[in-house]
Amino acid sequence: MTGTAAPFAADDYRARMERAARSAAEAGLAGLLVAPGPDLVWLTGYAPTAATERLTLLVLAPGQDPVLVVPALEAPDAAEAVGASALTLRDWTDGKDPYAVTAPLLDSGGRFGISDNAWAMHLLGLQKALPGTSYASLTEALPMLRAVKDRAELELLAAAGAAADAAFEEIRKLPFGGRRESEVAADLADLLRRFGHSQVDFTIVASGPNGANPHHEVGDRVIERGDMVVLDFGGLKDGYGSDTSRTVHVGEPTDEERRVHDLVRAAQEAGFHAVRPGAACQEVDRAARAVIADAGYGEYFIHRTGHGIGVTTHEPPYMIEGEEQPLVPGMCFSVEPGVYLPGRFGVRIEDIVTVTDDGGRRLNDTTREMVIVD
């Protein structure tokens, strides 16, 4: 991931950093420490062109101006980020101690939220410089930091979803039978890029018995007539994610294959209709899972019903039993139940859904009916 995350202005990033600092205070934290990754991109628009061992760290604390600690050789690039005018850059040079630069910015006895992907050597360096500090992962401390999207973010997510839909409409026209999974996956990746994706995160093409593995790694299996084929694909367009799944069939399906596909479609519909403000995330999972369990296939639905999406294709919140986080308008996540019959076939149907004021809205609009391919 390089460059800015999306066409936002400096004021957008300033507002995000202010909101993050307030959220930290409300969570009882002295501040947030944000390393390169999706959180830094979302908060500042800055993504270093390469992750290195040199410390880069955004320091956010209530009542303080945001400070981005950067290596001197990368400071010019950081200064070009859209959000740079909303913060102070503090650089350090090779041969100097970056933790000595960072330590004065922190409460020496405070507890901080820190990026999950921060390097261990950097966390240990901070602990050595400030032994009175303690830390919690950002996902644990502020799991909903990026969960509620504003209007501009929703528009970008909708555009990414539409691009993924366009890719599906084209791939269904191409031949499947007699071709390798890897060939179809390459076509899918090309189509995502053709429709505006700058980054392709995954193109799962799981045919026949491979479809019973939800995260099947694309291989060289030749797709055969009579195969069910699970397609799960997505990536980033203008910095925001797409992720959709459809299950197609090569030639006419059997009655059982139609029945299982119809069951998963009904479960996906039930999960979607459970989306409403105030409902707990687990209610979406319960609604979809109940349909499958009532039909006798409960043991074959082996993953959560959904995950959040934004500047990454997988992020909080998660639609799973035990997650009591209430749904809030602007949240975006997948609804993707599945049934996986070992050694035989699998079916998954997935849409990205956003919470509205009175329910939910799908960001994927391709048919959820059985699609027959050649």
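The following legends describe close-up views of aromatic rings, charges over rings and cysteines in a predicted model.

**View 1. Phenylalanine 8 and tyrosine 13 as an edge-to-face pair.** The structure holds four aromatic pairs, and one of them joins phenylalanine 8 to tyrosine 13, with 6.3 Å from centre to centre and 85° between the planes. Both partners are shielded from solvent by the accessibility criterion: phenylalanine 8 is buried at a relative accessible area of 7%, and tyrosine 13 is likewise buried, with a value of 0%.

**View 2. Phenylalanine 8 and tyrosine 240, a contact between parts 232 residues apart in sequence.** The ring centres of phenylalanine 8 and tyrosine 240 are 6.2 Å apart and their planes meet at 70°, so this pair, too, is edge-to-face. Because phenylalanine 8 belongs to the segment before helix H1 (10–26) whereas tyrosine 240 is in strand S9 (residues 240–250), the pair ties together parts separated by 232 residues along the chain. Tyrosine 240 is buried, and its relative accessible area is 0%.

**View 3. The ring cluster of Phe8, Tyr13 and Tyr240.** Ring pairs link these three residues into a cluster, in which phenylalanine 8 pairs with tyrosine 13 and also with tyrosine 240. A charged group accompanies the aromatic contacts of phenylalanine 8, since the charged end of arginine 16 sits over the phenylalanine 8 ring at 4.3 Å from its centre.

**View 4. Arginine 289 over the face of phenylalanine 301.** Another arginine placed over an aromatic ring is arginine 289, which lies over the face of phenylalanine 301 at a distance of 3.9 Å from the ring centre.

**View 5. Cysteine 281 and cysteine 332, two buried residues without a disulfide.** A disulfide is a covalent bond between the sulfur atoms of two cysteines, and the count of such bonds in this structure comes to zero. The sulfur of cysteine 281 has its closest cysteine sulfur in cysteine 332, at 12 Å, which is too far for a bond because the cut-off requires the two sulfur atoms to be within 2.5 Å. Seen from the other residue, the closest cysteine sulfur to that of cysteine 332 is in cysteine 281, again at 12 Å and too far for a bond. Cysteine 281 is buried with a relative accessible area of 0%, and cysteine 332 is buried with a relative accessible area of 1%.

Definitions and conventions
Residues are numbered from 1 along each chain as its sequence is written. This is a predicted model: local features need pLDDT of at least 70, side-chain atom pairs count only at pLDDT 80 or more; totals for chains, interfaces and linings use all residues. Side-chain values use heavy atoms; hydrogens and water are left out. Rings of Phe, Tyr and Trp (its six-membered ring) pair if their centres lie within 6.5 Å; planes under 30 degrees apart count as stacked, over 60 as edge-to-face and the rest as tilted. Buried means under 20% relative accessible area, exposed over 50%, partly exposed in between (1.4 Å probe, protein chains only). Helices (H or I, at least four residues) and strands (E, at least two) are DSSP runs, numbered from the N terminus. A charge sits over a ring if NZ of Lys or CZ of Arg is within 6 Å of the ring centre and within 35 degrees of the ring normal.
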